[in-house]
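Colleague: I am new to this structure. Please take a close look at the part around the ligand and the strands beside it, and walk me through what is there.

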Amino acid sequence: MPEQDKPRLVVLISGSGSNLQAFIDQCADGTLPADLVAVISNRPGVKGLERAEHAGVPAITIDHKEFDSREAFDIALAERIDALQPDLVILAGFMRILTQDFVSRFMGKLLNIHPSLLPKYPGLNTHQRAIDAGDAVAGATVHFVTPELDGGPPVLRAEIPVEPEDTADALAAKILVQEHKIYPLAAHWFLSQRLKLQDGSAYLDGDRLAESGKLFADTLLEQRS
Ligand code: GRF
């Protein structure tokens with residue numbers, strides 16, 4: 001397929017960008033038939049920007065510290081994204097609370113990944129919270145973004161067992177491996193028109209998804225399209 005016919009992806013980051021790397025790799029090898037048109041970071045000098053540059057993807061910094069208000073930053077960010085005409089905007093470790101106006105502007109084509117089994121543990125320190133609660137399983141969830149922080153409808157989740165010796169860092173590392181599988185897969189569903197946000201719920205192939213989204217293990221044997 002000619003490059004210009006592929007759906008367009010923009011990825012927003014604030015840090016390491018290991019999820020971004022999964023998108024870079026899958027776009028490059030064709031597993032995810034999409035054109036990664038830009039990576040935008042709100043923090044200068046982060047590793048994710050290096051990953052983008054290394055892959056030949058335009059790497060843009062919009063430093064939130066240069067703006068007087070959250071609103072002003074979000075407007076500048078939204079205008080930059082609009083100019084890129086993306087079909088899907090991916091939040092991949094983008095550590096900013098977004099204004100309602102921003103979310104409304106992109107709602108329905110804005111995905112996030114959160115390192116917990118939503119609706120458990122929105123916000124920060126998710127791995128330690130799972131350990132402290134004595135949870136037997138932990139994981140990550142891809143979800144549509146709505147104005148409520150980490151509260152949009154879940155799409156796809158991966159679960160892993162919490163071992164007695166797990167520290168928060170160990171758990172985070174194990175969950176990241178799963179994140180790199182489920183996030184590009186959910187994006188693939190969206191870009192192939194299988195996944196939609198309708199009336200506040202996530203639908204896959206016309207079926208409304210469960211409150212916790214689809215479990216990744218259920219999808220392993222499925223074809224991608
Ligand atoms: C991941 O744990 C993701 O779930 C969360 O932020 C982290 C980003 O990691 N939203 P990376 O920058 O993709 O390595």
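Modeller: A good place to start is Asn112, which stands opposite His143 in strand S6. The model is a predicted one, and every remark below should be read with that in mind. The pair belongs to a longer contact between two strands: S5 and S6, the latter made of residues 137-144, run antiparallel and are joined by four bridges.

These two strands are part of an open sheet of eight strands, in which the pairing is mixed. Reading across that sheet, the order is S3-S2-S1-S4-S5-S6-S7-S11. At its edges stand strand S3 (59-61) and strand S11 (214-215); each has a single partner strand, so one side of each is left without a neighbour in the sheet.

Now to the ligand itself. Which residues surround the ligand? One part of the list is Ser16, Gly17, Ser18 and Asn19; the others are Gly93, Ile113, His114, Pro115, Leu176 and Glu179. By type, this shell divides into three nonpolar residues, six polar ones and one charged one. The space that the ligand takes is the largest pocket of the model. Three elements give two or more residues each to the shell: helix H1 (18-29), strand S5 (110-114) and helix H6 (168-191). Strand S5 thus appears both in the sheet order and in the shell around the ligand.

Some of the contacts can be given as distances. For Ser18, a polar side-chain atom lies 2.6 Å from an oxygen atom of the ligand. For Gly17, the backbone supplies the atom: an N or O lies 2.8 Å from an oxygen atom of the ligand. Asn19 also uses its backbone, with a polar atom there 2.8 Å from a ligand oxygen. As for cover, the ligand on its own has 360 Å² of accessible area, and the protein covers 83% of this.

What follows strand S5? A loop lies between S5 and helix H5 (126-132), and Pro119 has its place in that loop. The peptide bond from Leu118 to Pro119 is cis, with omega near 15°. Tyr121 lies in this loop between S5 and H5 as well. Although Tyr121 is not a glycine, its phi is positive, at about 55°.

Finally, there is another sheet to note. Three strands form an open sheet with antiparallel pairing, in the order S8-S9-S10. Its edge strands are S8 (195-198) and S10 (207-208), each of which pairs on one side only. Strand S9, residues 201-204, runs antiparallel to S8, and four bridges join the two. Within this pairing, Lys196 has Tyr203 in S9 as its bridge partner.

Note on methods: Residues numbered from 1 in each chain as written. Predicted model: local features only at pLDDT ≥ 70, side-chain atom pairs only at ≥ 80, totals over all residues. Heavy atoms only, no water. Near = heavy atom within 4 Å. Polar contact = N/O pair within 3.5 Å; in protein donor to acceptor, adjacent residues only side chain to side chain. Areas by Shrake-Rupley, 256 points an atom, 1.4 Å probe, with all protein chains shown as cover. 1 Å grid on protein atoms, 1.4 Å probe; cavity = no way out; pocket = protein on both sides within 12 Å on 5 of 7 lines; lining within 4 Å. Sits in = over half its atoms within 2 Å of the grid points. Nonpolar A, V, L, I, M, F, W, Y, C, P; charged D, E, K, R; others polar. Pairing = 2+ DSSP bridges.
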